[in-house]
Amino acid sequence: MTLVLGIDSSTQSTKAVLVDAADGTVVEQRSAPHPQGTEVDPRAWTEALAQAAGPLLPRASAVAVAGQQHGMVALDEQGDPVRPALLWNDTRSAASARQLVEEWGGPQACAELVGSVLVASFTVTKLRWLREHEPEAARRTHRVLLPHDHLSQHLAAPGTPAFTDRGDASGTGYFSTVDDEWRPDLAAGALGRQVTLPRIAAPGEAAAETSAGQVLGAGTGDNMAAALALDLGPGDVLLSVGTSGVASERVSEPVLDGSGLVTGFADATGGFLPLAVTLNAARILDLQARLLGVDHDELAALALTAPPGSHGATLLPYYGGERTPDRPHAVGTWTGLSTTTDRADLARAAFEALACSLADTVDALASRSGPAGSPAGRVVLVGGATRSRALQQVLPAVLGRDVELPDPGEYVALGAARQAAWALAGTPAPPAWPATGTRTLRAEPTPQVREPYARLREQTADWS
């Protein structure tokens with residue numbers, strides 16, 4: 001049996017899956033936590049990598065790393081971090097994002113340059129923030145990597161030049177999705193000096209070798225890896241519910257959305273992966289469980305005792321700023337509370353808020369990912385929060401359509417493993433792995449839930 005190793009370095013942890021290269025069967029998996037916060041010493045990721053993947057690596061013939069998108073890993077000439085890495089969900093560069101969009105000629109011009117309208121998540125905005133707020137660190141910055149690039153280089157044989165892939169590169173803000181190449185002038189303009197960027201490996205390329213001679217795939221961003229693992233078809237929408245909520249769809253042409261609702265990323269196979277993102281997803285439920293003094297199973301059970309609409313209680317769950325819509329300084333807002341509101345209403349309102357926010361991302365994607373919108377394909381649901389019985393019932397009701405729920409799995413790590421198997425095989429296309437088991441979630445539509453949510457969203461548009 002030939003084994004390959006897929007690694008997912010997410011916001012919260014490193015997960016490693018050892019997989020049979022022939023059919024994608026998981027043989028063993030391990031994980032290790034990451035520090036909390038929106039800035040992290042990247043050396044903490046290499047320590048987690050050693051803990052999670054280290055014991056599995058000797059058994060693998062090939063390995064690839066998928067990682068959280070957008071993060072800024074700024075290194076000096078010796079390869080040491082000039083400061084902790086800024087993560088995708090760090091919104092301190094919101095003003096820098098607006099500044100750069102204006103410098104580049106406005107939202108549509110920005111989308112045409114790099115595929116997306118910049119928001120605080122994008123790496124290039126963090127470079128501008130570094131220049132303005134930590135000029136000494138900016139002057140010391142010699143190379144800029146993404147989180148997955150940093151870990152791939154750590155695994156590579158000593159002396160291997162840094163490399164990345166087009167999928168993760170398209171989330172930096174200095175990569176042209178139309179021309180399929182870096183725009184180093186945009187990175188230099190943001191930081192105020194030229195920096196070295198990693199080589200972009202071709203889809204499926206064996207980008208390097210480890211010190212032990214194992215094939216090392218190019219790696220990719222977490223969203224691209226999940227799409228690769230689930231082998232999305234035309235018109236299918238992948239909803240991933242973790243720290244963030246992401247709706248994505250594979251298409252054949254670049255998407256250049258000047259509204260900013262859809263980011264026009266590239267994928268890991270040579271196509272494109274437009275997506276819409278909400279910054280607040282699983283942590284909506286984390287906070288609600290904490291406020292009510294229950295665990296997640298108890299929160300779900302409590303929510304399911306309340307009716308759709310939560311007796312009028314409505315939450316706009318932008319606790320940590322928001323990206324769809326672009327409100328980086330927003331906070332959570334409750335309305336409709338009365339003397340009869342009970343704990344069950346508050347629990348259900350949290351699930352309905354999450355479902356409505358996810359529905360907004362699906363709507364944005366459908367309206368922008370093609371000249372006449374996307375065909376109505378499947379909605380496929382993955383992510384840690386999808387284990388909740390309440391979300392499984394509330395989401396299809398709010399969306400007003402069936403939702404497919406694959407068997408639980410580490411789909412980002414599995415996508416990295418499939419890329420590693422592809423690099424090992426050297427074939428034109430990724431290996432065909434059998435589809436996982438899937439069940440269909442159905443519920444009676446509840447338009448009465450989305451209507452007050454939409455009103456609250458619009459009424460608070462100028463609150464921050």
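Here are some friendly notes on this predicted model, from overall build to single residues.

1. **Ground rules.** Because the model is predicted, local features need pLDDT of at least 70 and side-chain atom pairs count only at pLDDT 80 or more, while totals for chains, interfaces and linings use all residues. Residues are numbered from 1 along each chain as its sequence is written, and side-chain values use heavy atoms, with hydrogens and water left out.

2. **Overall build.** The protein chain holds 15 helices and 24 strands; these are DSSP runs numbered from the N terminus, with helices being H or I of at least four residues and strands being E of at least two. Its radius of gyration is 21 Å, which agrees with the value near 23 Å for a compact globule of 464 residues. That radius is taken over C-alpha atoms, and the globule rule is 2.2 Å times the number of residues to the power 0.38. Along the principal axes, the C-alpha atoms fill a box of roughly 65 × 55 × 45 Å.

3. **Burial, surface and contacts.** Of the 464 residues, 59% are buried, where buried means under 20% relative accessible area, exposed over 50%, and partly exposed in between (1.4 Å probe, protein chains only). The accessible surface is about 17400 Å², and carbon and sulfur atoms own 50% of that; areas come from the Shrake-Rupley method with a 1.4 Å probe, and for residues only the protein chains shown count as cover. Among contacts (heavy atoms within 4.5 Å) with a separation of 6 or more, 72% join residues 24 or more positions apart.

4. **Charges.** There are 35 positive and 52 negative charges, and their mean positions are 2 Å apart. Lys and Arg count as positive, Asp and Glu as negative, with His and the chain ends not counted. Each charge is placed at NZ of Lys, CZ of Arg, CG of Asp or CD of Glu.

5. **Two nonpolar cores.** A nonpolar core here is a set of buried Ala, Val, Leu, Ile, Met, Phe, Trp, Tyr and Cys residues joined through side-chain atoms within 4.5 Å. The largest has 65 residues, and those touching the most other members are Val-4, Trp-104, Leu-118, Val-124, Leu-127, Leu-130 and Tyr-174. Helix α14 (residues 411-425) gives the most to this core, with nine residues. Apart from it lies another core of 54 residues, including Leu-354, Leu-358, Val-379 and Leu-399. Back in the largest core, Leu-118 is worth a click: beyond its neighbours within four places in sequence, Leu-118 contacts Ala-97, Leu-100, Val-101, Trp-104, Cys-110, Val-124, Thr-125 and Gly-173.

6. **Helix α6.** This helix (residues 147-155) is largely enclosed by the rest of the structure, because seven of its nine residues are buried. The buried ones are Pro-147, His-148, Asp-149, His-150, Leu-151, Ser-152 and Leu-155.

7. **Gly-71.** In the loop between β5 (62-67) and β6 (73-75) sits Gly-71, buried with a relative accessible area of 0%. Setting aside residues within four places in sequence, Gly-71 is in contact with Leu-86, Leu-87, Trp-88, Thr-123, Leu-145, Leu-146 and Pro-147. Pro-147 is also one of the buried residues of α6.

8. **Helix α12 and Ser-310.** Glu-352 belongs to helix α12 (residues 343-368) and is buried, with a relative accessible area of 5%. Not counting residues up to four places away, Glu-352 touches Pro-307, Pro-308, Gly-309, Ser-310, Val-394 and Val-449. Ala-349 is in α12 too, buried at 2%, and touches Ser-310, Ala-313, Leu-315 and Trp-334 under that sequence exclusion. Ser-310 itself lies in the loop between α11 (296-303) and β20, and is buried with a relative accessible area of 0%.

9. **Backbone geometry to check.** Most residues other than glycine have a negative phi, and most peptide bonds are trans. Ser-310 has a positive phi of about 55°, and Asp-180 has a phi near 60°. Asp-180 is in the loop between β10 (175-176) and β11 (181-182), partly exposed at 40% relative accessible area. The peptide bond from Thr-324 to Pro-325 is cis, with omega near 5°, and Pro-325 lies in the loop between β20 (314-316) and β21 (333-335).
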